[in-house]
Amino acid sequence: MNPTTYEPIRPKTVLNPVKAPSMPFDWSINPYRGCQHGCSFCYARSTHAYMGESADDAFQKHIFWKQDAPDVLRAQLRRMRGRLPAYVAIGTATDPYQQLEGKARLTRGCLETLAEFGVPASITTRSPLVLRDLDLLQRIPGSSVNISLHMLDPDVWRNFEPSTPAPRLRLDAVRRLNEAGIKAGVFMAPILPYISDGEEAVEGLLDACQQADAAFVSPSYLRLSTPEVKSWFFQTLQEAYPEHVKAYGRLYWRAAYVPEAYRKPKLEWIRRQIQARGLRSQELAAIRSPKPAADVPNASALSPADDGPVQLTLF
Ligand code: SF4
């Protein structure tokens, strides 16, 4: 197995505008490209192509980190005085609390900068390392955390998420964040047809979310957005769950999303289960901040080119 390599890059911008109307946020920050968590369903794999890398093993083994990201962010926010973002989504492409963050502290540095300017952050992660930055989150009113978790089963976890922290640690993070006054919920994603959407699995996970006092649960099904992502996912499926390969072929062979006829009744049932436990079923509410306009200093320099097309890692 190849060792993991880390490569610094010097971005011109760190705060990137999100232009896709379907995304519930206008600005994003991703301190890293590539993700050591290496989830086999990760649709951010395709973004590695923008670094001239492949979407396969290199995505988790060749990690680019944005040198001086907190300072670059500070300079950007200074230029945006008077039109600061209402909030910023951190971790829309790759996990901001992947292993390297323990040492590199780029996400922490960016949060420090956001705190200086009073800009709240919404963080998406699979790691309880976010607890390290509780002090900063508490300094920025309105900040929130989305912990991604779609199963409790240890085999499903390890088969599809080779290097993420254990589900119970993530649930504990949800509980501790809420206890500390930070709104934290669960992105129940990606729900895997036939594997993590059975009644027993879903109810077990929702019971655990309830016990963790999750502020919300937001369910969504697996999306296989590109041929590269599909190919990597099917490789894992073939190895770990060969009995489901044909069924997945039928569901995904022509589309990135599972067909509505399959998804809709399942999601309706899941939402009822969420509500039955007194939990809030949160959809991706649009909380949009002012768009960059042509007359905003440096608006034209706020290019998404640093990250390629924005992808939302709900899962
Ligand atoms: S799904 Fe999230 S945690 Fe997993 S590899 Fe992708 S970015 Fe990393």
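1. In this note Ala, Val, Leu, Ile, Met, Phe, Trp, Tyr, Cys and Pro count as nonpolar, Asp, Glu, Lys and Arg as charged, and the others, Gly among them, as polar. By these classes, the shell around the ligand has five nonpolar, five polar and two charged residues. Twelve residues surround the ligand, a residue being near a molecule or strand if its C-beta atom, placed from the backbone, lies within 6 Å of it. The closest are Cys35, His37, Cys39, Cys42 and Asp95.

2. The model is predicted: local features need pLDDT of at least 70, side-chain atom pairs count only at pLDDT 80 or more, and totals for chains, interfaces and linings use all residues. Residues are numbered from 1 along each chain as its sequence is written.

3. On confidence, the chain averages a pLDDT of 88, and 87% of the residues score at least 70; pLDDT is the predictor's confidence in each residue, from 0 to 100. Over residues 285-315 pLDDT stays under 50, and for this stretch the model has 72 contacts beyond four places in sequence. Two residues are in contact if their C-beta atoms, placed from the backbone, lie within 7 Å. Where pLDDT is low, the predicted coordinates should not be read in detail.

4. Helices (H or I, at least four residues) and strands (E, at least two) are DSSP runs, numbered from the N terminus, and two strands pair if DSSP finds at least two bridges between them. One open sheet is formed by three strands in the order S1-S5-S4, with mixed pairing. Strand S1 (5-9) and strand S4 (32-33) each have a single partner strand and stand at the edges, so one side of each is left without a neighbour in the sheet.

5. Both pairings in this sheet involve strand S5 (residues 62-66). S1 pairs with S5 in the parallel sense over five bridges, and Lys66 in S5 is the bridge partner of Ile9. S4 and S5 pair in the antiparallel sense over two bridges, with Tyr32 opposite Trp65 in S5.

6. A second open sheet has seven strands in the order S2-S3-S6-S7-S8-S9-S10, again with mixed pairing. Its edge strands, each pairing on one side only, are strand S2 (15-17) and strand S10 (217-221). The twist averages 25° from one strand to the next; axes are lines fitted to C-alpha atoms, for helices over the stretch in contact, and angles run from 0 to 180 degrees between N-to-C directions.

7. Within the seven-stranded sheet, strand S6 (residues 88-90) and strand S7 (residues 121-125) run parallel and are joined by three bridges. Ala89 stands opposite Ser122 in S7. Helix H4 (residues 106-117) packs on the sheet and touches strand S3 (27-29), S6 and S7; its direction makes about 170° with that of S6.

8. Helix H8 (residues 199-211) and helix H11 (residues 260-276) have axes that come within 10 Å and cross at roughly 30°. The crossing is right-handed: a crossing is left-handed if the near helix is turned anticlockwise from the far one by less than a right angle, and right-handed if clockwise. Val202, Glu203 and Leu206 of H8 make the contact with Ile270, Gln273 and Ile274 of H11. By class, this contact has four nonpolar, one polar and one charged residues.

9. Two backbone features deserve mention. The peptide bond from Ala189 to Pro190 is cis, with omega near -5°, and Pro190 lies in strand S9 (residues 183-191). Asp68 is not a glycine, yet has a positive phi of about 60°; Asp68 is placed in the loop between S5 and helix H2 (69-79).
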